[in-house]
Amino acid sequence: MSAPLFPLFADLRDRRVLIVGGGAVAERKTDALLRAGARPRVGAPELTPRLQGWREEGRIDWIPGRFDAQWLSGAWLVVAATDDTAVNRAVAAAAEARHVLANVVDDAELSTFQVPAIVERGPLQIAISSGGGAPMLARHLRRQLETLLDDAWASLAELFTRKRQHIRQRFPQPAERRRFFERLLSGPLPRLFRQQQHTQAEQHFQAMLDGHAPSAHGSVAIVGAGPGDAGLLTLNALRAMNEADVILHDRLVSEDVLRLGRRDATYIEVGKSATGHSTRQDDIHALMLEHARAGKRVVRLKGGDPFVFGRGGEELEILRAHGISYEVVPGITAAVACAAYAGIPLTHRDHAQSVKLVTAHCKDSFDTLDWPSLAQERQTLAMYMGVAGLEGLRDRLVAHGRAPSTPFALIENGSRRDQRVVNGTLADLPETARFHQVRSPALLILGEVAALADTLHWFGAPPVGAPAHTHSRNLPAPTLQAA
Ligand code: SAH
């Protein structure tokens, strides 16, 4: 096993760097060097138009022709970026003889320095190297880090750079300084930057520097977990779940999503469960307050989007009333996810100009709905509801003028491995649902667009339709069981 590479960040401002080659790769390397303030000198018979442009702007020098060892004079570094192995070898040998570090693009053997994969957040840079042996692995890791680190890191790095002197004066001892930074980073500062509250962030920083440390306060992130497929989480949701001390999650949140949360967070299931047991909304509020007051970072993880039939608004009001800081991370709501995963466009130029998100979870809520408007044509209804009450729904819609032939699709476990789509027409809706024993969670999409599931479906099993013998609502099949 050879010795590892020595990592370093070089100050190349106004220092000459030779690039041998004038093609696309040379252009990329030159661009990176220009951004670091270097003075690139490009040696090549020809230049790409962009390199040519930089030359005309006086930002780079050009030495026309084929490589000559003399080109190296005055260079701190050299990059060989030609597609001619012999030339690259000659560059590496000449650099070695002159004690100039050389990078030969895509050739770790010939290189005496390598350019790492970089994750950049303002002045903060993370360099990743596999020692040249596995650049794909380094790139893969880079992508993962890109998703993990939000832009607050750039603001933090910028602030700390700007206030460096103040911080050193205030905390001359390194140990004190370290504690100061730790307090800052575990407090509200990163969140304030994330929320684009730059003035408050500066004020908080100043107060901490002046020794007016605000009392330890937790915060709550109300996070939408989407419909189940973990791939539908947002990056912000993932980050919040990674930072959480406590995760209060609905039962609707899938195992796949929960697995992505921080390992040593405390997970508490709240909300309705299959057995009918439920945590009252007041108890959920109390849990949020209790943990936030204890200084914890709480994630309130809700199925779909927290502001679509999710009572997220009520939870926010409570937090506001008790002076707890909060943020909201939207999620993909069931209607949007189920439509996509069933191949049903919610709007369509030929079929529907509007879409209504409606909930009808209990009989009482039926009476408060605006049926004449719900029964209008050329619109899509996305009904968030249990599978009970479909009969009443059909009867009222038909009574208010919606055609019995209007297509519907019921999507059960939308976006999940066990997704099922059941479709048919409004006339047979309750019978068809019962026949296929559709269970919660299920979303009903009603409207002309629902018929498109037959041709546009792409996820899971194709839609199943009405049983042949229930084409009339007056013919309940004797073998049906209540869902
Ligand atoms: N805030 C959630 C909705 C909560 S109401 C959201 O934005 O999606 C609960 C209802 O949402 C369920 O009764 C069901 O109608 C619907 N629902 C949620 N997840 C679903 C899924 N994966 N598949 C089908 N319907 C779903």
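## The largest pocket

Helix H1 (24–35) gives the lining of the largest pocket its biggest share, seven residues. This is a predicted model, and the volume of that pocket comes out at about 2100 Å³. Of the 47 residues lining the pocket, Gln114, Val115, Pro116, Ala117 and Ile118 sit closest to its centre. H1 has company: strands E4 (77–80), E5 (101–104), E6 and E7, plus helix H4 (135–148), each put in at least two lining residues.

What classes of residue make up the lining? It has 26 nonpolar residues, nine polar ones and twelve charged ones. Seen by domain, at least three lining residues come from domain 1 (16–115), and at least three from domain 2 (118–148).

## How the chain is divided

The protein splits into five pieces: domain 1 (16–115), domain 2 (118–148), domain 3 (152–209), domain 4 (219–332) and domain 5 (336–456). Going by C-alpha atoms, the centres of domain 1 and domain 5 are separated by 63 Å.

A pair of residues gives another distance to look at. Alanine 95 and threonine 380 are 285 residues apart along the chain, and their C-alpha atoms are separated by 69 Å.

## Two residues to click on

Alanine 95 belongs to helix H3 (residues 85–98). Buried or exposed? Alanine 95 has 0% relative accessibility, so it counts as buried. Leaving aside residues up to four places away in sequence, alanine 95 touches Leu72, Val78, Val100 and Ala102.

Histidine 140 sits in helix H4. Its relative accessible area is 39%, so histidine 140 is partly exposed. From histidine 140 to alanine 117 is 9.5 Å, C-alpha to C-alpha, with their positions 23 residues apart in sequence. Alanine 117 also turns up among the residues closest to the centre of the largest pocket.

## Helix H5 and its cover

On helix H5 (residues 152–162), the buried residues are Ala152, Ala154, Ser155, Leu156, Ala157, Leu159 and Phe160. What covers them? The cover includes two strands, E6 (117–121) and E7 (124–128), along with helices H6 (164–170), H7 (174–186), H8 (189–194) and H9 (198–209). E6 and E7 also supply residues to the lining of the largest pocket.

## Strand E9 in the middle

Strand E9 (residues 246–250) has five of its five residues buried, so the rest of the structure largely encloses it. Side chains in a regular strand alternate between the two faces of the sheet. In E9, Val246, Leu248 and Asp250 point one way while Ile247 and His249 point the other, and all are buried.

Which strands does E9 pair with? Strand E10 (residues 266–270) runs parallel to E9 and is joined to it by five bridges; here isoleucine 247 has tyrosine 267 as its bridge partner. Strand E11 (residues 297–302) also runs parallel to E9, with four bridges joining the two, and histidine 249 has leucine 301 as its partner there.

## Helix H14 and its cover

Helix H14 (residues 334–342) has these buried residues: Ala335, Ala337, Cys338, Ala339, Tyr341 and Ala342. Their cover includes strands E13 (354–359), E14 (379–385), E15 (407–412), E16 (420–425) and E17 (442–446), as well as helix H19 (453–456). Glycine 343, just after H14, takes a positive phi of about 75 degrees.

How values were computed
Residues numbered from 1 in each chain as written. Predicted model: local features only at pLDDT ≥ 70, side-chain atom pairs only at ≥ 80, totals over all residues. Heavy atoms only, no water. Buried < 20%, exposed > 50% of the residue type's maximum accessible area, 1.4 Å probe, protein only. Pairing = 2+ DSSP bridges. Contact = heavy atoms within 4.5 Å. 1 Å grid on protein atoms, 1.4 Å probe; cavity = no way out; pocket = protein on both sides within 12 Å on 5 of 7 lines; lining within 4 Å. Points joined across faces, edges and corners; volume = space filled by probe spheres on them. Nonpolar A, V, L, I, M, F, W, Y, C, P; charged D, E, K, R; others polar. Domains from an automatic or database assignment.
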